[in-house]
Amino acid sequence: MVIREVSEEKWERLYEQIVKYGKGAPLSNQYDVDMNCNGVEYILKVQPTQDRKIAILQAMEVCPDKTLGFKDYFLIDEADVLSALLEILIYQGAARRATL
């Protein structure tokens with residue numbers, strides 16, 4: 001898990017996009033945000049807080065199996081990779097990353 005504090009000017013847009021484009025479960029503060037980075041699909045599990053902080057709990061790389069047509073998932077829990085994915089999400093937003 002990696003936690004970042006987000007500046008006031010970026011927080012409103014980021015929070016709005018996470019709530020709009022992320023998938024949340026009932027009674028949960030966690031959202032699943034889809035991200036495509038350099039042609040690789042990821043699902044980020046993020047949790048925003050009231051004090052302009054966001055935590056990325058883990059991420060999953062979606063690995064399509066072209067022979068059977070199924071998808072396989074690879075769990076990412078290394079702090080340095082999570083940190084990089086979170087920085088991309090903060091910098092470019094959830095809306096843009098979900099559509100690339």
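Here are legends for several close-up views of this structure, which is a predicted model.

**View 1. Helix α1 has a buried side and an exposed side.**
Let's start with helix α1, which covers residues 8-21. At 1.5 Å a residue, its 14 residues should span 20 Å, and the C-alpha atoms at its two ends are indeed 20 Å apart, so the expected and modelled spans agree. Which residues of α1 are buried? They are W11, L14, Q17 and I18. Looking down the helix axis, these buried residues fall within an arc of 145°, so they line one face of α1. Turned away from that buried side is a face with the exposed residues E8, E9, E12, E16 and K20.

**View 2. Helices α1 and α2 cross at roughly 105°.**
Next, bring α2 (residues 79-92) into the picture. The axes of the two helices come within 9 Å of each other. Are α1 and α2 roughly parallel or roughly perpendicular? Angles from 65 to 115 degrees count as roughly perpendicular, and with a crossing of roughly 105°, α1 and α2 are therefore roughly perpendicular to each other. Where they meet, α1 contributes K10, R13, L14 and I18, while α2 contributes L89, I90, Y91 and Q92. Two of these α1 residues, L14 and I18, are also among the buried residues of that helix.

**View 3. S83 is a buried residue of helix α2.**
Staying with α2, look for S83. Its relative accessible area is 14%, which is why S83 counts as buried. Leaving aside residues up to four places away in sequence, S83 touches V2 and R4.

**View 4. Two loop residues, N38 and R52, have positive phi values.**
N38 sits in the loop between β3 (31-37) and β4 (40-48). Its phi is positive, about 55°, although N38 is not a glycine. How accessible is N38? Its relative accessibility is 77%, so N38 counts as exposed. R52 belongs to the loop between β4 and β5 (53-64). The phi of R52 is near 60°, again a positive value in a residue other than glycine. With 25% relative accessibility, R52 counts as partly exposed.

**View 5. Cysteines C37 and C63 are too far from each other for a bond.**
How many disulfides does the structure hold? The count is zero. Why does C37 not form one? The closest cysteine sulfur to that of C37 is in C63, 14 Å away, which is too far for a bond; a disulfide would need the two sulfur atoms within 2.5 Å. Starting from C63 instead, the closest cysteine sulfur is the one in C37. As for their surroundings, C37 is buried, with a relative accessible area of 15%, whereas C63 is partly exposed at 28%.

**View 6. M60 in strand β5 touches residues from other parts of the chain.**
Finally, find M60 in strand β5. Not counting residues up to four places away in sequence, M60 touches E41, Y42, I43 and K45, along with Y73, F74 and L75. How far from M60 is D77? These two residues are 17 residues apart along the chain, and their C-alpha atoms are separated by 8.6 Å.

Methods. Residues are numbered from 1 along each chain as its sequence is written. This is a predicted model: local features need pLDDT of at least 70, side-chain atom pairs count only at pLDDT 80 or more; totals for chains, interfaces and linings use all residues. Side-chain values use heavy atoms; hydrogens and water are left out. Helices (H or I, at least four residues) and strands (E, at least two) are DSSP runs, numbered from the N terminus. The expected span of a helix is 1.5 Å times one less than its number of residues. Buried means under 20% relative accessible area, exposed over 50%, partly exposed in between (1.4 Å probe, protein chains only). The arc is that of the directions from the helix axis to the C-beta atoms. Contact means heavy atoms within 4.5 Å. Axes are lines fitted to C-alpha atoms, for helices over the stretch in contact, and angles run from 0 to 180 degrees between N-to-C directions. Angles under 35 degrees count as roughly parallel, over 145 as roughly antiparallel, 65 to 115 as roughly perpendicular and the rest as oblique.
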